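Me: I would like to go through this model with you and ask, at each step, what a given label rests on. Please set each value against its criterion before you conclude.

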Amino acid sequence: MSEIYKKKIPLLITAFFLFIVILEYFLAVPFLKTVGLELQSWAVLIVAFAIGLGGVNITKHHLLRISNRDEDWYLSIWLLFLLALFVVVGIGFGQQSTYFKWLYINVYGALSSTTYSVLALFITSAAFRAFRARNFDASVLLISGFLVLIGNTPASASIWGGFPLIQEWIMKVPTAASTRVIVIGAALGMVTLALRIITGKETGFLGGAGEE
Amino acid sequence: MSKILREKPHIPIYALLFLLTALPLLQPLGLPISVSSTTKSFFEIIDEIEEGDIVFFDINFGPGSWPENGPQAVAVIKHIWAKGGKILFFSLNTNGPQMYDKMMSQIQPPDGYEYGVDWVYLGFLSGGETAQAALTTDTWSLVQSDYLGKSLESLPLMQEVRSAEDAKLLICNTSGALAWAWVRQWHEPYNKPYLLLPIGIMVPSSAVYVDAGQIAALLPGSRGAAEYEILSNRPGEAVTLTDTLTIQQAFIMILIIIGNIMFLLERQGKSSKNTRRAI
């Protein structure tokens with residue numbers, strides 16, 4: 001009985017809705033369009049609830065870390081404090097309020113920009129320490145990377161008009177070819193996953209109910 | 001110096017990087033900016049916008065990527081408005097509302113332009129790709145009010161917008177992966193131009209969609225924004241940042257060269273030591 005409730009019914013529901021959404025995307029049938037639109041509204045609502053669920057989960061996880069005195073547990077206190085602060089100020093005063101804007105710009109905005117900017121330090125340091133012609137493969141990567149970098153520099157065409165053309169060729173031919181392989185591979189993977197879900201072979205999303 | 005470069009190279013590298021970033025910002029050098037064919041294609045598509053055309057504009061990034069995405073958006077919005085276009089803004093990223101505020105603080109709408117008539121911001125829309133599908137199929141089914149809480153019925157622009165069919169094109173200003181989902185939810189079902197404003201790192205993966213015609217054109221990062229500002233004769237934040245970008249990239253190239261020379265010298269030294277030992 002529990003097998004039916006825990007696995008069979010959820011699988012049937014998933015397969016049914018997946019099938020409708022797929023048909024709605026590929027077939028121009030007005031009835032399917034109406035049903036599809038309704039399902040989209042449901043999905044948007046569920047995702048909105050999922051954001052709230054994420055908030056509950058993160059609170060639960062960090063409360064547990066604090067009570068167990070896990071490593072760096074005091075950072076969890078800080079996280080929960082900021083979480084509560086943003087929720088209280090955001091809901092209490094509104095996103096348009098000076099208080100929320102101040103918090104956003106001076107706390108989240110500043111931290112986010114700093115994290116992103118640190119990449120510049122890593123890239124520069126890596127360029128010196130790791131980007132070396134150790135063997136033939138590394139040399140090919142080094143030369144092509146160097147040419148793309150020159151071509152990407154805003155002033156490159158002023159130095160020599162050929163730099164942007166070489167860069168464009170590298171990006172359009174070898175890079176695009178390898179990217180296509182990844183994109184097509186990922187798309188085939190998604191199709192396979194959808195087929196496995198429809199046929200009931202994929203059960204991982206049911207929360208550890210195992211796989212056939 | 002050689003010892004420091006070998007053992008703790010990051011110290012002088014970080015110090016120099018800081019100086020090379022700060023100096024051009026304090027004293028702009030006015031280094032040349034060449035306009036790429038990619039930017040020209042983007043510009044030409046926006047330039048074809050006619051008065052009253054509606055553009056869907058997805059503000060899909062956060063403060064971390066503002067230096068790349070922000071100037072792109074500002075330059076393109078100014079151009080759309082100069083052509084008489086109307087814009088329906090929305091965000092599939094939770095940071096969207098704050099980025100919209102920051103953008104609008106840097107753009108002066110043309111004379112006679114009015115919120116609700118010439119542009120509307122719907123705010124953050126949760127749901128990712130599902131929200132994209134709902135927005136394009138039936139915009140009113142997804143949202144009932146705008147970012148400021150005004151009902152859609154009260155906004156004249158919204159009387160003209162029911163679905164993607166009413167739009168001329170879509171622009172996605174993004175630092176994230178939902179950009180590819182727009183290919184499925186915009187270009188494939190509606191066959192209307194989809195323009196991308198991505199951060200620099202997304203350019204190689206976006207190029208395949210541009211080649212296939214699924215993305216009509218893209219503006220690559222802050223460099224693209226600077227080129228766009230030059231093309232539209234409205235120099236702004238991106239042009240100011242370009243000196244820094246050029247110098248940083250030149251610095252990285254110099255470091256690559258020095259690193260490889262040191263590596264080759266070390267390898268040569270080791271091999272000659274081994275030869276001497278063998279003799």
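**Labels and their grounds**

Reply: Chain B has 12 helices and 6 strands, and what follows concerns a predicted model. Along its principal axes the C-alpha trace of chain B spans about 90 × 40 × 30 Å, and 47% of the 279 residues of chain B count as buried.

Me: What makes the sheet of chain B an open one with edge strands, and which strands are at the edges?

Reply: The 6 strands follow the order β3-β2-β1-β4-β5-β6 in chain B, with parallel pairing. β3 (119-124) and β6 of chain B each pair on one side only, and that is what makes them the edge strands.

Me: How do you know that β1 of chain B pairs with β2 and also with β4?

Reply: Two strands are said to pair if DSSP finds at least two bridges between them. β1(B) and β2(B) are joined in the parallel sense over 5 bridges, and β1(B) and β4(B), likewise parallel, over 6 bridges, so both cases satisfy the criterion of at least two. In the pairing with β2(B), B:Asp58 stands opposite B:Phe90, while B:Ile59 stands opposite B:Asn173 in β4(B).

Me: Does the same criterion also cover the pairs further out, and how many bridges join β2 to β3 and β4 to β5 in chain B?

Reply: Strand β2 (residues 86-91) of chain B is joined to β3(B) by 4 bridges, the two running parallel, and B:Ser91 stands opposite B:Phe124 in β3(B). Strand β4 (residues 169-174) and strand β5 (residues 194-198) of chain B pair in the parallel sense over 5 bridges, with B:Leu170 opposite B:Tyr194. Because the criterion asks for at least two bridges, these strands count as paired.Me: Why is strand β1 of chain B called mostly covered?

Reply: Of the 7 residues of strand β1 (residues 54-60) of chain B, 7 are buried. B:Ile54, B:Phe56, B:Asp58 and B:Asn60 lie on one side, B:Val55, B:Phe57 and B:Ile59 on the other, and all of these are buried, which leaves both faces of β1(B) covered. The chain then crosses from β1(B) through helix α4 (residues 66-82) of chain B to β2(B) in a β-α-β crossover that is right-handed.

Me: Why is B:Pro220 counted as buried, and what is it in contact with?

Reply: A residue is buried if 20 or more other C-beta atoms lie within 10 Å of its own. B:Pro220 has 27 C-beta neighbours inside 10 Å, and therefore counts as buried. The place of B:Pro220 is in the loop between β6 (217-218) and α11 (221-231) of chain B. Leaving aside neighbours within four places in sequence, B:Pro220 is in contact with B:Thr38, B:Gly200 and B:Val203. B:Pro220 and B:Pro198 are 22 residues apart in sequence, yet their C-alpha atoms are 6.1 Å apart in space.

Me: Why are A:Asp72 and B:Asn233 called exposed?

Reply: The label of exposed requires 12 or fewer other C-beta atoms within 10 Å. A:Asp72 has 8 of them and is therefore exposed, and B:Asn233, with 6, is exposed on the same ground. A:Asp72 is in the loop between α2 and α3 of chain A, whereas B:Asn233 is in the loop between α11 and α12 of chain B.

Me: What makes the phi of A:Asp72 and of B:Asn233 worth noting?

Reply: Most residues other than glycine have a negative phi. A:Asp72 is not a glycine and has a positive phi of about 55 degrees, and B:Asn233, also not a glycine, has a positive phi of about 55 degrees.

Me: What describes the crossing of α2 and α3 in chain A, and which residues meet there?

Reply: The axes of helix α2 (residues 30-67) and helix α3 (residues 73-93) of chain A come within 8 Å and cross at roughly 145 degrees, and the crossing is left-handed. From α2(A), A:Thr59, A:His62, A:Arg65 and A:Ile66 meet residues of α3(A), including A:Trp73, A:Ser76 and A:Leu83. The residues of this contact of α2(A) with α3(A) divide into 6 nonpolar, 3 polar and 1 charged.

Me: How many residues does each chain bring to the contact between chain A and chain B, and which element of chain B gives the most?

Reply: The contact takes 49 residues from chain B and 45 residues from chain A. On the side of chain B that touches chain A, α12(B) gives the most, with 14 residues. That side of chain B divides into 27 nonpolar, 19 polar and 3 charged residues.

Definitions and conventions: Residues numbered from 1 in each chain as written. Chains lettered and ligands numbered in written order. Predicted model: local features only at pLDDT ≥ 70, side-chain atom pairs only at ≥ 80, totals over all residues. Contact = placed C-beta atoms within 7 Å. Axes fitted to C-alpha atoms, helices over the stretch in contact; angles between N-to-C directions. Left-handed = near helix turned anticlockwise from the far one by under 90°. Nonpolar A, V, L, I, M, F, W, Y, C, P; charged D, E, K, R; others polar. Right-handed = clockwise from strand over helix to strand, strands pointing away.
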